[in-house]
Amino acid sequence: MLAAYVASTSATDPFAGLVVGERPAPEPREHWTTVDVAAASLNHHDLWSLRGVGLPDALLPMILGTDAAGTTADGRRVLVHGVIGADGHGVGPTERRSLLSERYPGTLAQQVSVPTANLLDVPDGLDLTVAACLPTAWLTAYSLLFRACDLRPGDSVLVQGAGGGVASAAIVLGVAAGLEVFATSRSAAKRERATALGATALEPGARLPRRVDGVVETVGRATWRHSVSSVRPGGTVAVAGATTGDPDAAELTRIFFQEIRVQGVTMGTRDDLAALAAFVARTGIEPPMAEVLALADAERGLRTLDAGDHFGKIVLQP
């Protein structure tokens, strides 16, 4: 089958080890199901894998990808939850948590095999290409907003770094849920897109009209001080990434004096994903998509993701 996979890793030249070519189809496995992939979306996790972060040479070659939607052999339309081992389904109770493409082949292929318990029915009326955008970035955004920050309609949130998959998802979900959403970006074009989605767009570091109830933080060093200074006393800074690296200063004095909560998030549970899919289907919101490409064009999509000039998700269709 056709797949995009890592043949070798390099911290300085990650695309040198990317191959789009033939890989063996999944073998039958007890309590696992093979899915014919209709669409798979890209995430920064794929870029980290190409750089060798969390992917040792002993596990190469490894098919990339954590997100997918498709069909099973009996025609069931399914959404793949890419977290493996969190509750033991399909792997046993002692295996530590991992994501597809870390220990087990990922979703950037014509087929993917996952624990049967990791498959969720796609709600009626939800397109499989839209569904494929949900399991990582959108699930993470959902968890950041509604689980980590515990936000409710009428609350306010600052989303740092508008344009990335998690950030754009947080804007759309927040607006749809009745939150007051502020969003930052260095790019005027991305600020315009954030405004069109219903956010109040600001330049990085700009003073907000008032402190917010929560902050969605995926940028790290470049925005951390602004995040901590922009949240109200007792509010939450929810962290799901650090694309610019760790902060130079943790701002601990402000954090303890203002009783600010810092909460880390890695994706979410199957129940969170089911709730997210239902929310998307019922509201009719759609993930912003930067590009929809053929699987054969995986390198082009990954290079676009790496450059960071896009807005929304990049989707591959086998």
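How many bridges join strand β3 to β18, and do the two run parallel or antiparallel? Two bridges join β3 (residues 32-41) to β18, and these strands run antiparallel. Here are some notes to read beside the model.

1. First, the ground rules. Residues are numbered from 1 along each chain as its sequence is written. The model is predicted, so local features need pLDDT of at least 70 and side-chain atom pairs count only at pLDDT 80 or more, while totals for chains, interfaces and linings use all residues; side-chain values use heavy atoms, with hydrogens and water left out.

2. Back to β18. Helices (H or I, at least four residues) and strands (E, at least two) are DSSP runs, numbered from the N terminus, and two strands pair if DSSP finds at least two bridges between them. On the β3 side, Ser41 has Val315 of β18 as its bridge partner. Strand β17 (residues 289-294) is joined to β18 by five bridges, and these two run parallel. Met289 stands opposite Lys313 in β18. Between β17 and β18 the chain passes through helix α9 (residues 298-307), giving a right-handed β-α-β crossover. Right-handed here means that, with the strands pointing away from the viewer, the path from the first strand over the helix to the second runs clockwise.

3. How covered is β18? Four of the five residues of this strand (313-317) are buried. The scale is relative accessible area: buried is under 20%, exposed is over 50%, and partly exposed lies in between (1.4 Å probe, protein chains only).

4. Next, the open sheet of six strands. Its order is β13-β12-β11-β14-β15-β16, with parallel pairing. The edges are β13 (200-202) and β16 (261-264), each pairing on one side only. On average, neighbouring strands of this sheet are turned by 20 degrees against each other, direction ignored. At the β13 edge, three bridges link β12 (residues 180-184) and β13 in the parallel sense, and Phe182 stands opposite Thr200 in β13.

5. Two helices lie across strands of that sheet. Helix α3 (residues 134-148) lies across β11 (156-159), β14 (212-217), β15 (231-239) and β16, and runs at about 150 degrees to β15. Helix α4 (residues 165-176) lies across β11, β12 and β14, at about 160 degrees to β12. Axes are lines fitted to C-alpha atoms, for helices over the stretch in contact, and angles run from 0 to 180 degrees between N-to-C directions; contact means heavy atoms within 4.5 Å.

6. A smaller open sheet has three strands in the order β2-β1-β4, paired antiparallel. Its edge strands are β2 (18-22) and β4 (62-63), each pairing on one side only. Five bridges join β1 (residues 2-6) to β2, and the partner of Leu2 in β2 is Glu22.

7. His81 deserves a look. This residue sits in the loop between β6 (77-80) and β7 (83-84) and counts as buried because its relative accessibility is 4%. A polar atom of the His81 side chain lies 2.8 Å from the backbone oxygen of Gly268. Leaving aside residues up to four places away in sequence, His81 touches Asn118, Leu139, Gly268, Thr269, Arg270 and Leu273.

8. Finally, the cysteines. The structure holds zero disulfides, a disulfide being a pair of cysteine sulfur atoms within 2.5 Å. Cys133 is buried because its relative accessibility is 0%, and Cys149 is buried because its relative accessible area is 7%.

How values were computed. A polar contact is a pair of N or O atoms within 3.5 Å; within protein, one must be able to donate a hydrogen and the other to accept it, and residues adjacent in sequence count only if both atoms are side-chain atoms.
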